[in-house]
Amino acid sequence: MMARKNLLLAVSAALVYLFLYLPLVIVVVFSFNDSKLNAEWVGFTWKWYGKLLYNQEMLTAAMNSLIIASVSAGIATILGTLAGIAMHQYRLRLLQMLVLAPIAMPEILMGVSLLVLFIMVNMTLGLISIMLAHITFCIGFVALAVQARISSLDPALIEAARDLGATPWQCFREITLPLLMPGILAGALMAFTLSIDDFVITFFTAGVGSSTLPLQIYSMVKIAVTPEVNAVSTLLMLVTLVVITVASRLSPAIFRGE
Amino acid sequence: MLKTVQGKVWSKYLLSLPPMAYLLIFFAAPTMIMLFASFRYPGEYGGLAPWLVQDGGQWTLDLTLENWQRLFGTDIYLRLFVKSIGYAVSTTLICMFMAYPLALMIARSGRKSRDLLLLLVILPFWSNFLVRIYAWMIIFSPVGALTRILNGVLDLFGAGPVTLMYSPTAMIVCLVYVHLPFMVLPLYANLEKHDPYLLDAAQDLGAGKWRRFWLITWPLSLPGITAGSILVFIPVLGMFAIPDLLGGTDGIMIGNVIKQQFMESRDWPFGSVLSMVLTVAAVVVVLLGSRLSRQRAGMGGS
């Protein structure tokens, strides 16, 4: 009886996995298909990847995405680490709310409200406005990753260092920071992928001259479904896969919905 | 609690002020500015009109309730909200039905395979949002295999051909696809903590498997369901990309109209009105959810 139930469970779970992966497999497979239509398998080709190398707009967008993601992840990691430590150490309801609310709100709200702010202070929309926006939504994720790491540490380590005569600063630099590093790095990588993947908030804060990869994909998809989009999607998946694998090695806990 | 930086009052401010200031400027202030914008007149060429005008040497406030009256003046926007909530509710329910067996299977499998099975749920979720939508555009495309097979079968029964693309069905499938992991993760986190001896005890006392599920597993998993539902419901409610790309003319949601007000019609005050309503809706859902889970916790862990 127990075995039958497990079978039912296993079959339905397998179907859900199929639902999760089949669409992505189709994208990858058709990126090697020698046909303009994403409909039938015709033959193997690398040409859609080759075409990407000569697509100047796409290359510029990819460069922009990399710059934005590196800078935003860097700054968000510093601010998020401070927030994570502060949230763990002190009861700061305002900080807690400010860190968690952007994660809980629909993205479109942050997008339009930042658009209004930037226009109000006469800022030209471009790379800088996109970075400022990305930092805003990344801080919370870094803070949560760091907070998760602190909670798993042993308080006795710090007490021991203090008893042995370390100053608070020494304590922080030589004990706390190295111990927090996996959490901080995982948060940084998460911020990087969130930034490089973001479409909604970027859409509102980008202005005309500055496209990112997701914006580029959006405008291509709006016009037509072409295998070139499959190729760039496959590459993007590959990048995210590598980053996420590294991040999950560093801090498994934050990838378990905790 | 681990004290990471000991003593010193200033360390509290050193730590908390930079992130707090950043989020006040780029999150709290813009939200307040939007609330204010919802009472202003639209500018002549889009944007906002000045809120202070000089009228014969006298400075006067130039604010209005017109934007809010426009919201309540017709039932167009009410219907739009109801439709968006409808999409969010259906997506949440379907996610729940699909996530439950998956989360339960993972929670009941061995320690070693658990991490791998969980990683397999998370991986597609980290692929780009637009790529995941795009995948369904391929599947639902009129020249795609699915549409052709379906129409072939329908043809056998003498039914006319259907298009899958630009339909509410396509939209819901894609909404579920994009948000499913948000339901699986909290549900798994909850199911994993259940004490297996409870089920053994119930079995010893003669409860069948469905009875065990309904009387033990299901009620215990409600906090996980609540958390997952919030995580699915809110982003779906504010969605604009999926209806934009897959929904067709019938699939317009509140997010599309907000986008339209800011990017196309350039009526920022009315766009702000709609955004404020969406903000309130999201806050209400979060508060309701956290209240629900606190009540349950108060009832003695059930």
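This is a short walk through a predicted model with chains A and B.

Hi everyone, thanks for coming. Since this is a prediction, let me begin with confidence. Chain A has a mean pLDDT of 86, and 95% of its residues reach 70 or more. Within chain A, the highest confidence is in helix H9, residues 200–205, at 95. The lowest is in helix H7 of chain A, residues 155–163, with a mean of 81.

Next, chain B as a whole. How many helices and strands does chain B have? The secondary structure comes to twelve helices and two strands. If you read along the sequence, you meet one helix, then the two strands, and after them a run of helices: α-β-β-α-α-α-α-α-α-α-α-α-α-α.

For those of you who like global descriptors, the radius of gyration of chain B is 25 Å, whereas a compact globule of 302 residues would come in near 19 Å. The C-alpha trace of chain B spans about 85 × 75 × 35 Å along its principal axes. Of the 302 residues in chain B, 38% are buried. As for contact order, take the contacts in chain B between residues at least 6 apart in sequence: 68% of them join residues at least 24 apart.

Let me zoom in on those two strands. Strand S1 of chain B, residues 52–55, pairs with strand S2 of chain B, residues 58–61, in the antiparallel sense, over four bridges. Going through partners, Val53(B) bridges to Thr60(B) in S2(B), and Asp55(B) bridges to Gln58(B). Two residues sit between the strands of this hairpin, and Gly56(B) takes a positive phi near 60° there.

Now for the interface. Here 81 residues of chain A are in contact with 80 residues of chain B. Which element of chain A gives the most to that side? That would be helix H1 of chain A, residues 2–30, with 14 residues. By residue type, the side of chain A that touches chain B divides into 63 nonpolar, twelve polar and six charged.

That leads us to the core. The largest nonpolar core has 149 residues, and the ones with the most contacts inside it are Ile139(A), Trp136(B) and Cys174(B). Helix H7 of chain B, residues 168–191, supplies the largest share of this core, with 15 residues. Take Ile139(A) as an example. Leaving aside neighbours within four places in sequence, Ile139(A) is in contact with Ala76(A), Leu79(A), Gly80(A), Ala83(A) and Val99(A), and across in the other chain with Pro19(B), Tyr22(B) and Leu23(B).

One last residue: Leu245(B), in helix H10 of chain B, residues 241–247. Is Leu245(B) buried or exposed? The cut-off for buried is 20 or more other C-beta atoms within 10 Å. Leu245(B) has 22, so this residue counts as buried. Again skipping neighbours within four places, Leu245(B) is in contact with Val221(A), Ile133(B) and Met137(B). And for anyone collecting distances, Leu245(B) and Val283(B) are 38 residues apart in sequence and 27 Å apart in space, C-alpha to C-alpha.

That's my tour, and I'm happy to scroll back through any part of it.

Methods. Residues are numbered from 1 along each chain as its sequence is written. Chains are lettered from A and ligands numbered from 1 in the order in which they are written. This is a predicted model: local features need pLDDT of at least 70, side-chain atom pairs count only at pLDDT 80 or more; totals for chains, interfaces and linings use all residues. Two residues are in contact if their C-beta atoms, placed from the backbone, lie within 7 Å. Ala, Val, Leu, Ile, Met, Phe, Trp, Tyr, Cys and Pro count as nonpolar, Asp, Glu, Lys and Arg as charged, and the others, Gly among them, as polar. Two strands pair if DSSP finds at least two bridges between them. A nonpolar core is a set of buried Ala, Val, Leu, Ile, Met, Phe, Trp, Tyr and Cys residues joined through C-beta atoms within 7 Å. A residue is buried if 20 or more other C-beta atoms lie within 10 Å of its own, exposed if 12 or fewer, and partly exposed in between; C-beta atoms are placed from the backbone. The radius of gyration is taken over C-alpha atoms; the globule rule is 2.2 Å times the number of residues to the power 0.38. pLDDT is the predictor's confidence in each residue, from 0 to 100.
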